Amino acid sequence: MPDFNPVDYAVPGFILLVLLEMAWAWKRAPEKYESRDTLTSLALGTGSTIAGALTGGLLIAAFVWLYKFRLLDIGWQWWAWALCFVLDDLAYYWFHRMAHRVRWFWASHVNHHSSQHYNLSTALRQTWTGFIAVSFLFRLPLALIGFHPAMIAFCGGINLIYQFWFHTEAIDKCPRWFEAVMNTPSHHRVHHATNPRYLDRNYAGVFIVWDRMFGTFAPEVDGERIRYGIVKQLGSFNLLWAVFHEWIGIATDVWRAPWRHKLSYVWREPGWTHDGSRDTSDMIRARWLERQTDGARLAGE
Amino acid sequence: MTTELLKLAGSLAAILLIFLVALKLRLGGDIRLRSEAEARELADHAVCGFDAVDVALDRAGIGALLRDRQGRVMLLRRHGAHFASRLLDGHADTRLDHNFLTIGTGERRFGSVTLDLGAEAQVWASSLRHLGSVHA
């Protein structure tokens, strides 16, 4: 299998763009960056690359093995690349949606969300434990359909590179046609927000159309300040805590839970508890909506 | 293998460079709580529906204690260029030293914070002693 990873070639560009955005922050909004937060994000990114290198061989073997049982011989035509890219992005949408709705996947993905900042360094804040979380499962069907593993890997790399640039507050809105089809800084700010109206919205990787199709789209509302991070902010820049805190949380909850609830702490949504002592994103949104309704009713009286 | 190690060395050098640039440019600034209203807003965002009826701001603005109608107490403290919060469920880690109240959360990573609450420190220290019984 060809050994070519487009992300390797993009890394110098990532670094340059982070430095440019830092210069922008210095001039316009120094609070958009924080040195320790940036250090944690970049260390998470580097660790993720190392973890990827360690488990990459196993992943390739799994894809190549499954490819032997492919349903179609799609080959290397130009349209196959385009189709693979679109289907890979669809697979990414479902992976990403599950990564927010199933705690096992969230334990790995939470790393990307645990910064209270939203800047280009946040984009590099990637997981170390994706392999343990079996996140690759969502892309495996592409090999079974008949897309060559090298093509899937290339498309996945381009997808990842695309997702870098929109982790910024330096860009407001893009042209309307672009906002309608593509994922943009505005759409993805919503995704990283902890504002109740935005929780679990805009899962798209490249094409925002998936969220519009599957009912998970929310537009960025002008005038409402976005707060980033996770519902229970880490309050720590400790790198290992950032990597493993949710895994430790799962282990603790499973250990303490009554037998019949143990597995639910693994596969239910983040925040779920058998005694209702914590909030899920649905509970937070419902409470917020109730307050909006009450507020509107009082204003009308 | 050599190529991989070179890539790793390059990444580490880039991380160091970016970190040093962020330090040099003093990015992040010196974030402080400016008013009770700001503390209330942050608390409501941290726990949707937390309607603070009682607020004690640290004199330097590095944190705050807030109580809502249900008797829940929230600790807000500075975390980098933002604030992070925890609902307190006990007073075991609380220590009073004149105007300074040190509050722990029981979470090692979140740590404890010492707030300068002025004359209010004693009142809050006293009320925090009842915290365990409120939630019991």
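## A two-chain model, sheet by sheet and helix by helix

Let's start in chain B, where strands S5, S6 and S7 make an open, antiparallel sheet in that order. Strands S5 (95–97) and S7 (112–116) of chain B sit at the edges with a single partner strand each, so one side of each has no neighbour in the sheet. On average, neighbouring strands here are turned by 20 degrees against each other, direction ignored.

Before going on, a few ground rules. This is a predicted model, in which local features need pLDDT of at least 70 and side-chain atom pairs count only at pLDDT 80 or more, while totals for chains, interfaces and linings use all residues. Residues are numbered from 1 along each chain as its sequence is written, and chains are lettered from A and ligands numbered from 1 in the order in which they are written.

Some vocabulary, too. Helices (H or I, at least four residues) and strands (E, at least two) are DSSP runs, numbered from the N terminus. Two strands pair if DSSP finds at least two bridges between them. Axes are lines fitted to C-alpha atoms, for helices over the stretch in contact, and angles run from 0 to 180 degrees between N-to-C directions.

### Back to chain B

Strand S6 (residues 100–104) of chain B runs antiparallel to S7(B), and five bridges join them. One residue pair to look for is B:Ile103, whose bridge partner in S7(B) is B:Val113. Helix H3 (residues 120–128) of chain B packs on this sheet and touches S5 and S6 of chain B. Touching has a cut-off here: two residues are in contact if their C-beta atoms, placed from the backbone, lie within 7 Å. The direction of H3(B) makes about 35 degrees with that of S6(B).

Chain B has another open sheet, with four antiparallel strands in the order S1-S2-S3-S4. Its edge strands are S1 (52–57) and S4 (82–88) of chain B, each pairing on one side only. Here are two of its strand pairings:

| Strands | Bridges | A bridge pair |
|---|---|---|
| S2(B) and S3(B) | five bridges | B:Gly63 and B:Arg77 |
| S3(B) and S4(B) | seven bridges | B:Leu76 and B:Ser85 |

Both pairings are also hairpins. S2(B) and S3(B) have four residues between them, and B:Gly71 in that turn has a positive phi of about 85 degrees. Between S3(B) and S4(B) there are two residues, and B:Gly80 in the turn has a positive phi of about 65 degrees.

Is S3(B) mostly covered or uncovered? It is mostly covered, with six of its seven residues buried. A residue is buried if 20 or more other C-beta atoms lie within 10 Å of its own, exposed if 12 or fewer, and partly exposed in between, with C-beta atoms placed from the backbone. Helix H2 (residues 36–46) of chain B lies across S1, S2 (63–68), S3 and S4 of chain B, and runs at about 120 degrees to S1(B).

### Over to chain A

Chain A is another story: it has 13 helices and zero strands. Its radius of gyration (taken over C-alpha atoms) is 20 Å, close to the 19 Å that the globule rule gives for 301 residues, so chain A is as compact as a globular protein of that length. That rule is 2.2 Å times the number of residues to the power 0.38. The C-alpha trace of chain A spans about 65 × 55 × 40 Å along its principal axes, and buried residues make up 40% of the 301 residues.

For a single spot, try A:Val134, in the loop between helix H5 (120–123) and helix H6 (140–145) of chain A. A:Val134 is exposed, with 12 other C-beta atoms within 10 Å.

### Where the chains meet

How many residues of chain A are in contact with chain B? The count is 33 residues of chain A against 27 residues of chain B. H2(A) gives the most to the chain A side, with 11 residues.

Helix H1 (residues 6–28) of chain A and helix H1 (residues 2–24) of chain B pack at about 5 degrees, with their axes 11 Å apart. That makes the two helices roughly parallel, a label for angles under 35 degrees (over 145 is roughly antiparallel, 65 to 115 roughly perpendicular, the rest oblique). Among the residues that meet are A:Ile15 and A:Leu19 in H1(A), and B:Ile18 and B:Val21 in H1(B).
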